[in-house]
Amino acid sequence: MLQNNYDVVVIGGGAGGVAAAIGAAQAGKKALLVERSSYLGGQATHCSIPTYDGFFTRHENSEQIAGGVASMVMEKLKQYRGCGEPLRSPWGNVMFPVNNEMTKIVLEELVMQSGAHLLLNSQLCDVVRNGNTIKSITLLTDGDKVQITAQAFVDASGDGNLVYLSGAEHTSPDVENLQFGSLLTRFGGVASEADVSPAALRAAIAQGKAAGITPLSKDSGFAMRIVGTEDVIAILCNEKVNPLDADSMTQGQIRARKQAMAYLDTFKRFLPGFEQAYVINTGPHIGIRESRHAVGEYALTGDDVVNAATVDDAIARGCWPIERHTSANKMQVYTWIKDDGYYEIPLRSLKSINIDNLWLAGRIISCDSEAFASVRVMGTAFLTGHAAGIAASMKNTSTENDIAAIQCELKRQGALI
Ligand SMILES: Cc1cc2nc3c(=O)[nH]c(=O)nc-3n(C[C@H](O)[C@H](O)[C@H](O)COP(=O)(O)OP(=O)(O)OC[C@H]3O[C@@H](n4cnc5c(N)ncnc54)[C@H](O)[C@@H]3O)c2cc1C
C-alpha cells in the first residue's frame, strides 16, 4: 500500500528510474517509483524503441559493460523470449533488440521483486523545499493530490521535471539547437524478403520525393524487424519540437503522423515487399531526444566521451558513441569513442549542484550537449540510474557521499565498474 514517507522517491519509470528504484530497494531502503503512464519503460515503451543501446562496446571483440540492474533486465527478457541476440547496426554499433510489450512486463516484475513500491498513473506536479533540501513532493492522480516525504529523491523523468519544480540548477532547451524528435512507425504486411537497409529506404524515399509525396522528412533512416514478429519498425519522421511546450508537441505529433502515412504511401509504391504494408501504430508518443539539462557537480564533456576518460569516482560506464540528430532530412552523425571502448561516468555528474538530497538518472545527468548525445541511450540510463538509486539510499547515513561505499554496494549488486 502507498505510504506517505519513503527513504528514496524516484520520479520516472524509464530505464533510469527503474534501475534507481531497484538499486535503492536492493540496498535495503524503502523506495517508491512514480510513473505518470500506466506502464514502465519510458521511451522504450512510449515510443516503441526497438533496441537497448549502450550494453556492449563497439570494439570488434565487443565487451558487455552493463551489469547490475541492466543485466537483470537482459536475463529476464531472455527468459521470457522478449529479446533477440545482440546485433550490429549498419554503423557497427552493438544493439540489444527487445520486444516492447515484454519489456513492460519484465520491468514491472523486477521492480516488484526488488520490494520497491510501484505507483503508476501518478504525475509529479509540485515540490516543497526546506532550504537546499527537497522536503516533499506532490503527485497528481485521478483521485486526488498526494503528498509524499522522503530522505532523498532521484529525477529520472527524462525532461528534468523534478529538477525544474525543485528549483535545481538546469538549462532550458534551446529549441533551435536541440536534437530532432522522431515518431517511430510500425509497419505490418511486409514481405519477409523485403530489404529495409538504409540504402533501400534511401532509394525508395528518393522516388517518393520525386513523385511529390509529402510530407516526408528523412531521406533515409534506420528500420528493423521487431523481435518475435515480421513487423518493421522505422525511425523516419523527424520533427523539431519544444518538448516542454504542449502546443508545440501537439503540432509536431500531428505533422509526424502525417509523415508516417506519407512514408507508407512511398514504401507501398517504391519499396519492393511493401505492396501490402499497412501502419500498425505510430509512436504512440513522439520520441524526444533532448530536453532540459540538469547541472550537477561535474558536467561530463564530449572530450571525456571520445577520449574514454577514467575517473576515481566512477559509478558507471558509457560505450555508445556521440550520436547527433541535427538535420531534418539527414542521417545521424557519429563521433566515435577512442578504440571503440568505454568512458567512465563520475558520481559528481549524478549529484545536483544546489539541492543536497537530489540525484540525477538517465538522460538528465549533468553533461554538455556532446556528451549528452552519448549518455542518453537506455543502456547507459540503466547504469546511471542504478548508481543514483544507491547513492540516494545512503542519504543521512554514515556512508552518505562516500564513493567507496557506493562503489562497493554497486559491485555487490552486480554492477561492472
Ligand atoms: C527517436 C529516438 C530513438 C532512440 N533510439 C534509441 C535506441 O535505439 N536505443 C537506446 O538505448 N536509446 C534510444 N534512444 C534514447 C532513449 O530512448 C532515451 O534517451 C532514454 O529513454 C532515456 O531514458 P530515461 O530513463 O532517462 O528517460 P525516459 O525513457 O524518457 O523515461 C522518463 C519517464 O519519466 C516519466 N515522467 C516524466 N515526467 C514525469 C512526471 N512529472 N511524473 C511522473 N512521471 C514522469 C515519463 O513518463 C517516462 O516514462 C532514442 C531516443 C529517441 C527519441
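An open sheet of 4 strands, in the order β12-β13-β11-β14 with antiparallel pairing, offers a starting point in this predicted model. Its edge strands are β12 (222-225) and β14 (278-282), each of which pairs on one side only. On average, neighbouring strands of this sheet are turned by 30 degrees against each other, direction ignored. Such angles run from 0 to 180 degrees between N-to-C directions, with axes being lines fitted to C-alpha atoms, for helices over the stretch in contact. Strands (E, at least two residues) and helices (H or I, at least four) are DSSP runs numbered from the N terminus, and two strands pair if DSSP finds at least two bridges between them.

Within this sheet, strand β11 (residues 181-188) runs antiparallel to strand β13 (residues 232-239), and 7 bridges join them. F187 has V232 in β13 as its bridge partner. Helix α7 (residues 246-270) packs on the sheet and touches β11, β13 and β14, contact meaning heavy atoms within 4.5 Å. The direction of α7 makes about 130 degrees with that of β13.

A further open sheet has 3 strands in the order β3-β5-β4, again with antiparallel pairing. Because β3 (51-53) and β4 (87-88) stand at its edges with a single partner strand each, one side of each is left without a neighbour in the sheet. Strand β5 (residues 94-97) pairs with β4 in the antiparallel sense over 2 bridges; here L87 has M95 in β5 as its bridge partner.

Residues are numbered from 1 along each chain as its sequence is written, and side-chain values use heavy atoms, leaving out hydrogens and water. As the model is predicted, local features need pLDDT of at least 70 and side-chain atom pairs count only at pLDDT 80 or more, while totals for chains, interfaces and linings use all residues.
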